[in-house]
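This report walks through one protein chain, from single residues to the whole fold. Keep the sequence beside you while reading.

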Amino acid sequence: MTAEGKPVPDILPDTREYWEAASRGELLVQTCCSCGSKQYFPRLLCHRCLSEDLGWTKSSGMGTVYSYTVIHQAAHQTFAPDVPYVYAIIELDEGVRMISNVVNTDVSKVHIGMKVKVFFHRLSDTISIPRFEPVQQADTE
Ligand SMILES: [Zn+2]
């Protein structure tokens, strides 16, 4: 739990490297060393060929809003100060999709196909949560 009482991810043996990278500001995508398939979230086996020989690829952190919804009513009181907020499926440029939030913009401006980039919300010394914000024009030049 965070200081606000929100749940935080458990660091497990198969996700430790992912969370350590996130704390350094890097987004990793699990990559199968046998078939090359990429997957998100980290798992013990390749989702395609079931190989246990898995590695990591550093993501560019760039992606696109694949789908989203705006949360207006918090499911738990600890999220009440955050509403309205965007709960989104982000398709990373590496081809995998992940659940996250789109922040640092008005929720009414979020749309499918919006270009976004990752940043990390530091919750503790060991947990930094990947979130996304719109790509500004200067970022693409
Ligand atoms: Zn594989």
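K6 is partly exposed, because 13 other C-beta atoms lie within 10 Å of its own. In these terms a residue is buried with 20 or more other C-beta atoms within 10 Å, exposed with 12 or fewer, and partly exposed in between, the C-beta atoms being placed from the backbone. K6 is found in the segment before helix 1. Its C-alpha atom is 8.9 Å from that of H76, although the two residues are 70 apart in sequence.

The model is predicted: local features need pLDDT of at least 70, side-chain atom pairs count only at pLDDT 80 or more, and totals for chains, interfaces and linings use all residues. Residues are numbered from 1 along each chain as its sequence is written.

## The chain as a whole

The protein chain has 1 helix and 8 strands. Helices (H or I, at least four residues) and strands (E, at least two) are DSSP runs, numbered from the N terminus. Read from that end, the order is α-β-β-β-β-β-β-β-β.

For 141 residues, a compact globule would have a radius of gyration near 14 Å, and the 16 Å of the protein chain agrees with this. That radius is taken over C-alpha atoms, and the globule rule is 2.2 Å times the number of residues to the power 0.38. Along the principal axes, the C-alpha atoms fill a box of roughly 45 × 40 × 25 Å. Of the 141 residues, 18% are buried.

Two residues are in contact if their C-beta atoms, placed from the backbone, lie within 7 Å. Among contacts between residues at least 6 apart in sequence, 48% join residues at least 24 apart.

## The open sheet

Strands of a sheet pair through backbone hydrogen bonds, either parallel or antiparallel. Here two strands count as paired if DSSP finds at least two bridges between them. An open sheet is formed by 3 strands in the order 2-1-3, with antiparallel pairing. Strand 2 (38-39) and strand 3 (54-58) stand at the edges with a single partner strand each, so one side of each has no neighbour in the sheet. Strand 1 (residues 28-32) pairs with strand 3 over 5 bridges. In this pairing, V29 stands opposite T57.

## Strand 5 and its partners

Strand 5 runs antiparallel to strand 4, and 8 bridges join the two. Opposite T64 stands E91 of strand 5. Strand 5 is also joined to strand 6, by 6 bridges and again in the antiparallel sense. The bridge partner of I90 in strand 6 is M98. Strands 5 and 6 form a hairpin with 4 residues between them, and G95 in the turn has a positive phi of about 100°.

Which residues make up the covered face of strand 5? They are V86, A88, I90 and L92, while Y85, Y87, I89 and E91 make up the uncovered face.

## The nonpolar core

A nonpolar core is a set of buried Ala, Val, Leu, Ile, Met, Phe, Trp, Tyr and Cys residues joined through C-beta atoms within 7 Å. The largest one has 17 residues, and those with the most contacts inside it are V65, A88, I90, V102, V110, V116 and F132. Two or more residues come from each of helix 1 (16-23), strand 1, strand 5 (85-92) and strand 7 (115-122). Strand 5 gives the most, with 4 residues. Neighbours within four places in sequence aside, V65 is in contact with A88, I90, V102, V110, H111, I112, G113, M114 and V116.

## Backbone angles in the loops

Two peptide bonds with a cis form and two non-glycine residues with a positive phi are listed below.

| Site | Feature | Value | Loop |
|---|---|---|---|
| Y40 to F41 | cis peptide bond | omega near 15° | F41: between strand 2 and strand 3 |
| V83 to P84 | cis peptide bond | omega about -5° | P84: between strand 4 (62-71) and strand 5 |
| L50 | positive phi | near 65° | between strand 2 and strand 3 |
| N104 | positive phi | about 60° | between strand 6 (97-102) and strand 7 |

L50 is exposed, because 11 other C-beta atoms lie within 10 Å. N104 also counts as exposed, with 12 C-beta neighbours inside 10 Å.
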